[in-house]
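Please look over the sequence and the model below before reading on. The paragraphs that follow move from a single residue to the overall fold, then to the core, the surface and the charged pairs.

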Amino acid sequence: MLGVSLNDGYLPKEMYVFLGAVIGAVAAYITTKTTVRNQVRIAEITAQKDVALQSDRLLHERVMAEVAIEREELRKMHAILSRVSLETSLTMSYMQSDNNMKLHEFRERYVESCHRLHEAKAISDIYYPEMSDSVCKIYGQTNVFWGHQESVLRTDVKHERGVWETSLSKVIKTGDEISSYSRVLQEKIATRGKELKSAVGEKID
């Protein structure tokens with residue numbers, strides 16, 4: 001019989017081909033498995049980075065939204081204090097006297113002023129408790145001011161000049177106190193505004 005037996009130490013040609021195919025398949029399997037494992041690992045790392053970036057973006061957006069809300073409340077409070085200072089100024093007192101403002105008009109303006117200060121008190125209580133005491137003092141002094149100003153408006157300077165001058169001096173004193181309190185609060189508001197800009201690490205328009 002032709003050919004070489006296994007006992008002679010040789011394998012048939014077909015066995016070499018078969019073994020070569022098996023070894024090639026195993027090598028390809030190992031390579032494929034390693035490649036897939038690496039791809040999965042890369043995908044996991046990429047996914048983790050994407051999640052981290054998304055979390056950072058959402059956190060940044062939330063912080064910016066909160067800063068925007070707080071800045072708007074600061075703006076409202078600052079504007080209210082400016083309006084109150086104007087309404088309780090000597091200039092406004094003279095203007096009301098010269099225009100012979102009707103008592104009901106005067107009292108309507110007083111109520112509007114109270115509403116504005118109520119809003120300022122709400123803002124301070126929610127965002128800036130350390131400012132609430134000063135807002136309360138302004139509110140109290142504002143009530144005193146409007147009381148003295150009403151006395152000025154209701155007094156005939158020609159016939160009761162002494163009473164008129166006394167009331168006016170109280171108007172001036174109380175108005176100055178309100179203005180002083182307001183300036184201190186507005187300085188605190190300006191400081192807080194700068195802190196917000198610094199906190200977000202960028203210029204806010």
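Does Thr-88 count as buried or exposed, and what is its relative accessibility? In this model, which is predicted rather than determined by experiment, Thr-88 counts as buried because its relative accessibility is 2%, and the cut-off for that class is under 20%. Thr-88 is placed in the loop between H1 and helix H2 (90-98), and its side chain reaches the backbone oxygen of Val-84 at 2.7 Å. Once residues up to four places away in sequence are set aside, Thr-88 touches Thr-142, Phe-145, Trp-146, Gly-175 and Ile-178.

With that loop residue in view, one can turn to the architecture around it. The protein has 5 helices and 0 strands, and read from the N terminus on, its elements run α-α-α-α-α. Of the contacts in the protein with a separation of 6 or more, 76% are accounted for by residues 24 or more positions apart. One pair of residues that lie apart along the chain is Val-67 and Gly-193, whose C-alpha atoms are separated by 9.4 Å although the two are 126 residues apart in sequence. Val-67 itself lies in helix H1, and Val-67 counts as buried because its relative accessibility is 8%. Taken over the protein, buried residues make up 26% of the 205 residues, while the accessible surface comes to about 13900 Å², with 59% of that surface belonging to carbon and sulfur atoms.

The interior is best approached through the largest nonpolar core. This core has 25 residues, and those that touch the most other members are Met-77, Val-84, Met-131, Ile-138, Leu-185 and Ile-189. Two or more residues are given to this core by each of helix H1 (13-87), helix H3 (103-127), helix H4 (129-154) and helix H5 (161-200), and the largest share, 7 residues, comes from H5. Val-84, listed here among the core residues with the most contacts to other members, is also the residue whose backbone oxygen is reached by the side chain of Thr-88. Met-131 offers a further view into the core, for, leaving aside its neighbours within four places in sequence, Met-131 is in contact with Met-77, Ser-124, Leu-185, Lys-188 and Ile-189.

On the outside, a nonpolar surface patch of about 310 Å² is made by Ile-69, Ile-126 and Tyr-127. Ile-69 has its place in helix H1, and Ile-69 counts as partly exposed because its relative accessibility is 47%.

The charged side chains remain to be considered. Side chains of opposite charge can pair when their charged atoms come close. The structure holds 12 salt bridges, and among them is the one in which the side chains of Glu-73 and Lys-76 meet, at 3.5 Å from N to O. Glu-73 and Lys-76 are separated by about one helical turn, because they are 3 residues apart in helix H1. The two partners fall into separate accessibility classes: Glu-73 is buried, with a relative accessible area of 14%, whereas Lys-76 counts as partly exposed at 28% relative accessibility.

Another local pairing is found in helix H4, where the side chains of Lys-137 and Asp-133 meet in a salt bridge with an N to O distance of 3.4 Å. Lys-137 and Asp-133 are 4 residues apart in helix H4, so they are separated by about one helical turn, and Lys-137 is partly exposed, with a relative accessible area of 37%.

Which parts of the chain does the salt bridge between Arg-107 and Glu-150 link? Arg-107 forms a salt bridge with Glu-150 in which the closest N and O atoms are 2.6 Å apart, and this pair links distant parts of the chain, with Arg-107 in helix H3 and Glu-150 in helix H4, 43 residues apart. Arg-107 counts as partly exposed at 40% relative accessibility, whereas Glu-150 counts as buried at 16%. Finally, salt bridges also join into a network, in which Glu-70, Arg-192 and Glu-195 are linked.

Terms used:
Residues numbered from 1 in each chain as written. Predicted model: local features only at pLDDT ≥ 70, side-chain atom pairs only at ≥ 80, totals over all residues. Heavy atoms only, no water. Core = buried A, V, L, I, M, F, W, Y, C linked by side-chain atoms within 4.5 Å. Buried < 20%, exposed > 50% of the residue type's maximum accessible area, 1.4 Å probe, protein only. Contact = heavy atoms within 4.5 Å. Patch = residues over 30% accessible without salt bridge, like charges linked within 9 Å, V, L, I, M, F, W, Y side chains within 5 Å. Areas by Shrake-Rupley, 256 points an atom, 1.4 Å probe, with all protein chains shown as cover. Salt bridge = Lys/Arg side-chain N within 4 Å of Asp/Glu carboxyl O. Polar contact = N/O pair within 3.5 Å; in protein donor to acceptor, adjacent residues only side chain to side chain.
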